[in-house]
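Please open the model in the viewer and keep the sequence panel beside it. The tour moves from one selection to the next and states what is to be found at each stop.

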Amino acid sequence: ETGSVKWSIYIHYLKSAGIILSILTLVFSILSQALGIFASICLSTWSNDTTAAVDGVQVSEKRNLYLEVYTLLGFGQIVGAIASAYALAFGTILASKYLHSSMLSNILRSPMSFFDTTPTGRIVNRFGKDIDVVDNILPFIINNTLSMVANVLGTLIVVTWSTPIFSLVIVPVGLLYYFVQRVYMTTSRQLKRIESVSRSPIYSHFSETISGASSIRAYGVEKRFIKTSEDRVDANQVCLYPSIVSNRWLGVRLETVGNILIFFAALFAVLGRDTLDSGIVGLSVSSALQITTILNYAVRMASEVETN
């Protein structure tokens, strides 16, 4: 298979997980991030409130009000994150169970001609590594992708709200970010497929070696079979290494994009120092400083979802 993963594959996985659980996961994730944004804005508003302190002494009514609002927002953020995690966990378990049962049912009902033309290693690879990805890796990646994408959007919203002129930078930088992402995802996806294809011969050779162990010992060709196994593992690692290199290529470029966003956020905060409150400037810059790491991780996780 070549090209991007078809939308029908994503839709099939969502249906396997349950449409309701998928929607709940997305809604609770957005809710949790929105409450986190409001909590940050609450702190910024508190720091700018000149009536919250009189002669250096905190006004208890104001202090208690801000603390109560911030606590409620923080509690709501935690509840939203936990609810999203639970919905995602149940959904991915249902999807994994359904996909495994469906694949097993099809294999058991396949004609003998299928097993004559399909290597055993390919079948073992599907039920081994691929099912392990669906069971253990994909739920973790989906959770991180939702969280990181929500964090990136939340950070951009906070910075744009703090310094509205920042919105002029989002479009050109967003296009640069999109270009880098597409180049990386196209390359990473094909490298992952090549690595997966090169893994199947390892399983086939191992299975054949175990089945014919007595004959191999009888003819004294152990070294030849060991050498063949090592060569196939080496071929698989040769396909894996470029994937690691492309990951670092992405990291360098995303660091550059993130630093551009930080530069413009700080620049606009300085240019608007006469009209912006100190609390808003602090919120804008502190949010922008987080975006490099979050953006890097978000793109990597989004790519991992597609490649897996």
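Begin by selecting Gln 77, which counts as partly exposed because its relative accessibility is 30%; here buried means under 20% relative accessible area, exposed over 50%, and partly exposed in between, with a 1.4 Å probe and protein chains only. The model is a predicted one, in which local features need pLDDT of at least 70 and side-chain atom pairs count only at pLDDT 80 or more, while totals for chains, interfaces and linings use all residues. Residues are numbered from 1 along each chain as its sequence is written, and side-chain values use heavy atoms, with hydrogens and water left out.

**Helix H3 from Gln 77**

Gln 77 sits in helix H3; helices (H or I, at least four residues) and strands (E, at least two) are DSSP runs, numbered from the N terminus. Next, display the partners of Gln 77. Not counting residues up to four places away in sequence, Gln 77 touches Ser 32, Leu 35 and Gly 36, where contact means heavy atoms within 4.5 Å. Then add Phe 28: its C-alpha atom is separated by 9.1 Å from that of Gln 77, although the two residues are 49 apart along the chain.

**Leu 94 and Ala 17**

Move along to Leu 94, also placed in helix H3. Is Leu 94 buried or partly exposed? Leu 94 is partly exposed, because its relative accessible area is 44%. With residues up to four places away in sequence set aside, Leu 94 touches Ser 16, Ala 17 and Leu 21. A distance label between the C-alpha atoms of Leu 94 and Gly 18 should read 7.7 Å, for a pair 76 residues apart along the chain.

One of those partners, Ala 17, is the next selection. Ala 17 belongs to helix H1, which covers residues 7–17. With a relative accessible area of 7%, Ala 17 is buried. Beyond residues up to four places away in sequence, Ala 17 touches Ser 22, Gly 91, Leu 94 and Ala 95. For another reading from this stop, label Ala 17 and Leu 65: these residues are 48 apart along the chain, and their C-alpha atoms are separated by 42 Å.

**Ser 96**

Return to helix H3, residues 60–108, and select Ser 96. Ser 96 counts as buried because its relative accessibility is 10%. Which residues is Ser 96 in contact with, leaving aside its neighbours within four places in sequence? They are Val 134 and Asp 135.

**Arg 193 and Ala 266**

Now go to helix H6, residues 167–211, and pick Arg 193. Arg 193 counts as buried, since its relative accessibility is 18%. Show the side chains of Arg 193 and Gln 190, which make a polar contact at 2.6 Å. A polar contact is a pair of N or O atoms within 3.5 Å; within protein, one must be able to donate a hydrogen and the other to accept it, and residues adjacent in sequence count only if both atoms are side-chain atoms.

The last residue to select is Ala 266, in helix H8, which spans residues 222–271. At 31% relative accessibility, Ala 266 counts as partly exposed. Gly 36, named earlier as a partner of Gln 77, is 230 residues from Ala 266 in sequence, and the two lie 22 Å apart, C-alpha to C-alpha.

**The whole chain**

Finally, zoom out and colour by secondary structure. The protein chain has nine helices and two strands, arranged along the sequence as α-α-β-β-α-α-α-α-α-α-α. Along its principal axes, the C-alpha trace spans about 95 × 35 × 35 Å. The radius of gyration of the protein chain is 26 Å, whereas a compact globule of 308 residues would have one near 19 Å; the radius is taken over C-alpha atoms, and the globule rule is 2.2 Å times the number of residues to the power 0.38. Buried residues make up 35% of the 308 residues. Among contacts between residues at least 6 apart in sequence, 83% join residues at least 24 apart.
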